[in-house]
Amino acid sequence: MALPEAQSPVEPPENQQQRLARCRALIEREIRPRADACDAEGRLPDELPVMLGREGLCGLVVPEGQGGRPVDPITYGLIHEQLGAACAATRAVLTVHDMVAAAIGRWASPEQQADWLPRMARGETLGAFALTEPEVGSDAKAIRTEAVRSGDGFSLHGSKRWITAGQIAHLFLVLARCDEKPTAFLIPRGTPGLTIEPLAPPLGLRAAMLAELHFADCRIPAGWMLGPVGSGLNHVAAAALDLGRYGVAWGCVGLIRACLEAATRRARTRVQFDVPIREHQLIQGLIAEMAVDLKAARELAMAAGRLRQSGDPDGVIATCTAKYFAARAAMHAGQTAVQILGAEGCAAGSPVQRYLRDAKVMEIIEGSNQLQQVMIATDALQRQGRL
Ligand SMILES: Cc1cc2nc3c(=O)[nH]c(=O)nc-3n(C[C@H](O)[C@H](O)[C@H](O)COP(=O)(O)OP(=O)(O)OC[C@H]3O[C@@H](n4cnc5c(N)ncnc54)[C@H](O)[C@@H]3O)c2cc1C
């Protein structure tokens, strides 16, 4: 049996190919070899953001004029595929960083942009996205964190939970109610009234250094608001989550590829009943399912990428579709890879059990499978209604 492709067969635009090749080499050299240790320890190396910033990976959505090294959506996706195959936790930390950088690039004042974006592009300032609360998950409009007007600024009260990179981020994009309307704020770490409580590593993305944020009379100036009052969910968070879903979709393509690579490697070398297990047709069936899912997930992610590239508004629903399919397929591929590796796949430190745990989280973050289904069905019903 031929090996699955070590690299994605999809090629980015010509001028981005060298960039992609350099990023892939960096990920293979610096990130993949440490992924299992990071997962076991539940943390990323301290120097990671600045190292990635030096290589341009923290400035993928930052304009050149602000020190970034932006890439087109397809190259962005292919980099996230490689990250997803190497270390889903690193991919998640970079994705939320990009969500915050993109929101600043789109909604912040020129002063805020000049203040944050160059440092974010260098990886010196890591961004984190704080929407979820202890009592509020999928129903984001129900957020309770409040920004009360106080003097020339605001005083924040409330808590945010499950915040990726919360333990290490320098800047939080926080969604809070202001005048009863969801509104976004940029709040730096160290602001008095903000305390950060590390969370124990969860099932998957164990190294993503999650934290809970507590705001108690956290006083901030008016200039830290991002976008107008009331634009926090429908504009700022919606655009950020759209980018986040795109990163997750491609990250899942990478996870499926990693599962397929691990499973085929084992199927060639493991001998049972006197033959390599790849010769058992039931094993071939499992491998075929993963191979088909990989191709389908990549096609859906590419379709979303092409629409995003051309600025087509249908890129949003295409991204939901890609994320929904790829997350489910990654979960399936994780289970299948563990099955093919047998006990070896269950062993502590085995990458495939990490892939399985990480894939489960992909079905929950950036809008759960059920929320994606609701959005996809609503879109389908509207389209049919137009016929
Ligand atoms: C590892 C990890 C990292 C995360 N990182 C971040 C982060 O950086 N920033 C951040 O803000 N949040 C983050 N989250 C939180 C994540 O976004 C939420 O977990 C997610 O939005 C779902 O919310 P919930 O877990 O509260 O589930 P709930 O909303 O309580 O949902 C529970 C179940 O009910 C289903 N459900 C809910 N509503 C409906 C509906 N209308 N129809 C059908 N089914 C429904 C859901 O699909 C789910 O299966 C992270 C979570 C994890 C696990």
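In this predicted model, the ligand lies between domain 2 (128–232) and domain 3 (235–386), because both domains give residues to the shell around it. That shell is made up of 21 residues, and the closest to the ligand are Thr-132, Gly-137, Ser-138, Thr-164 and Ser-368.

Three elements, β1 (127–130), β3 (153–163) and α12 (369–386), each supply at least two residues of the shell around the ligand. The element that gives the most to this shell is α12, with three residues.

The domain assignment of the protein also includes domain 1 (14–126), beside domain 2 (128–232) and domain 3 (235–386). Between the C-alpha centres of domain 1 and domain 3 the distance is 21 Å. Their contact draws 23 residues from domain 1 and 25 residues from domain 3.

On the side of domain 1 that touches domain 3, the elements giving two or more residues are α2 (35–41), α4 (73–86) and α5 (88–107). Here α5 gives the most, with ten residues.

The table sets out the residue classes of the two regions described above.

| Region | Nonpolar | Polar | Charged |
|---|---|---|---|
| Shell around the ligand | 15 residues | six residues | no residues |
| Side of domain 1 that touches domain 3 | eleven residues | five residues | seven residues |

The shell around the ligand thus has no charged residues, whereas the side of domain 1 that touches domain 3 has seven charged residues.

Notes: Residues are numbered from 1 along each chain as its sequence is written. This is a predicted model: local features need pLDDT of at least 70, side-chain atom pairs count only at pLDDT 80 or more; totals for chains, interfaces and linings use all residues. Domain bounds come from an automatic or database domain assignment. Two residues are in contact if their C-beta atoms, placed from the backbone, lie within 7 Å. Helices (H or I, at least four residues) and strands (E, at least two) are DSSP runs, numbered from the N terminus. Ala, Val, Leu, Ile, Met, Phe, Trp, Tyr, Cys and Pro count as nonpolar, Asp, Glu, Lys and Arg as charged, and the others, Gly among them, as polar. A residue is near a molecule or strand if its C-beta atom, placed from the backbone, lies within 6 Å of it.
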